[in-house]
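Please take a moment with the sequence and the structure before reading on. The paragraphs after them go through the surroundings of the ligand and then through some pairs of charged side chains.

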Amino acid sequence: MNSALHLSDEVAAALSVGRPVVALESTIISHGLPRPRNHAAAIEFESILRDAGVTPATIAVLDGVPRIGLDADGVRRIAEEDLAKASVRDLPILAARGASGATTVAATAHLAAKAGIRVFATGGLGGVHRGASETFDESADLSTLAVTPITVVSAGVKSVLDIAATLERLETYSVPVVGLGTTVFPSFWLRESAYTLDWAVDSPEQVADVMAAHDALGHTQGIVVANPIPADQAWDREEHDRVLATAFAEAAAQGIRGKAVTPFLLGRIVELSEGRSLEVNLDLARNNVRVAGRIATAWSARS
Ligand code: PSU
Ligand code: MN
């Protein structure tokens, strides 16, 4: 075990006897969801897991310490404080300075894997940004999954990213992508995108089978489970298309560029949809947490 990490008693106890554990990200709480809904969501994601007999491990860096499993005050801090958004490269700087940060998918996956956690639930994965051929803006979520043995459950990637390039990059990095019950890659608020997957699995047990085979082959990449939002909870496609087109047009008209583009678009998407996109976001995240809990349970039953 890595002494630079702090595991909560609950997480350490579960891991030591092979009980199911699911890692949860903190950037989705501190930067991805508005206050005060974000605090309620962080608490709810943990209770969904506890109710299913799974130990939640919400991950963040607090006062320089990478924490795997937060107490109630830690959960409150990631929701209420203005924390830095921390990717893998930021971890040593936060640790050396005693600073705090909310961990992205990349940093959460990295820390969870170091702690011995094999399953992780998030909302949407980061990916290759539109225009990346000029800006080189590609999330470290992808390069981290190339070298981090963890199974990440997400609802695909938002259509504000370049989905085709994101899937190509995952292929280059030899990261398996399996659809749960589908061969259509989901696009976060919608069950579909224009892109198909080579492989579908039908159940959490089949994901655990893939994880076991991955290990047996000596593979050390992550695995992406693409989990579409249930049909009755998905966003209305026409409103989705209309709102995204308006948000993109506004960004272009206002000359928004570079890393300001995504926060601008996401903020406008919530406003233009009068909060409907936010409800969908919460529903898909809950659904990912539930599925990750089932995968962790199936994984723990094998070992
Ligand atoms: N995608 C979402 N919501 C999010 C994120 C991604 O739909 O909140 C967050 C995740 O924490 C992800 C990060 O790891 O953004 C990616 O940011 P960047 O592109 O800067 O690597
Ligand atoms: Mn970036």
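What follows begins at the ligand and then turns to the salt bridges.

The model shown here is a predicted one, and a convenient place to enter it is ligand 1, whose surrounding residues are E25, T27, G32, K85, T104, V105, G124, H129, S139, D141, K158 and F188. Sorted by class, this shell consists of two nonpolar, six polar and four charged residues. The shell is also shared between two parts of the protein, since domain 1 (1–117) and domain 2 (118–303) each contribute at least three residues to it.

Within that shell, several side chains place polar atoms beside oxygen atoms of the ligand. For D141, a polar side-chain atom is found 2.7 Å from an oxygen atom of ligand 1, while for K85 the corresponding distance from a polar side-chain atom to an oxygen atom of the ligand is 2.9 Å. The side chain of H129 likewise has an N or O atom that lies 3.2 Å from an oxygen atom of ligand 1. Taken on its own, ligand 1 has 470 Å² of accessible area, and the protein covers 81% of this.

From the ligand we can turn to the charged side chains of the protein itself. Side chains of opposite charge can pair when their charged atoms come close. The structure holds 18 salt bridges, and one of them joins R50 to E10, with the closest N and O atoms 2.9 Å apart. This pair links distant parts of the chain, as R50 belongs to helix α3 (residues 37–51) and E10 to helix α1 (residues 9–16), 40 residues apart. R50 counts as partly exposed because its relative accessibility is 39%, and E10 counts as partly exposed because its value is 34%, where partly exposed denotes the range between 20% and 50%. E10 and R50 are, moreover, linked with E46 in a network of salt bridges.

A second example is the salt bridge between R302 and D209, whose closest N and O atoms are 2.5 Å apart. Because R302 lies in helix α13 (residues 276–302) and D209 in helix α10 (residues 204–216), this pair ties together parts that are 93 residues apart in sequence. R302 is partly exposed at 45% relative accessibility, and D209 is partly exposed as well, with a relative accessible area of 39%.

Finally, R268 forms a salt bridge with E250, the closest N and O atoms being 2.5 Å apart. Here R268 stands in helix α12 (residues 261–272) and E250 in helix α11 (residues 237–253), so that distant parts of the chain, 18 residues apart, are linked. R268 is partly exposed, its relative accessible area being 22%.

Notes:
Residues are numbered from 1 along each chain as its sequence is written. Chains are lettered from A and ligands numbered from 1 in the order in which they are written. This is a predicted model: local features need pLDDT of at least 70, side-chain atom pairs count only at pLDDT 80 or more; totals for chains, interfaces and linings use all residues. Side-chain values use heavy atoms; hydrogens and water are left out. A residue is near a molecule or strand if one of its heavy atoms lies within 4 Å of it. A polar contact is a pair of N or O atoms within 3.5 Å; within protein, one must be able to donate a hydrogen and the other to accept it, and residues adjacent in sequence count only if both atoms are side-chain atoms. Accessible areas come from the Shrake-Rupley method with a 1.4 Å probe; for residues, only the protein chains shown count as cover. Ala, Val, Leu, Ile, Met, Phe, Trp, Tyr, Cys and Pro count as nonpolar, Asp, Glu, Lys and Arg as charged, and the others, Gly among them, as polar. Domain bounds come from an automatic or database domain assignment. A salt bridge is a side-chain nitrogen of Lys or Arg within 4 Å of a carboxyl oxygen of Asp or Glu. Helices (H or I, at least four residues) and strands (E, at least two) are DSSP runs, numbered from the N terminus. Buried means under 20% relative accessible area, exposed over 50%, partly exposed in between (1.4 Å probe, protein chains only).
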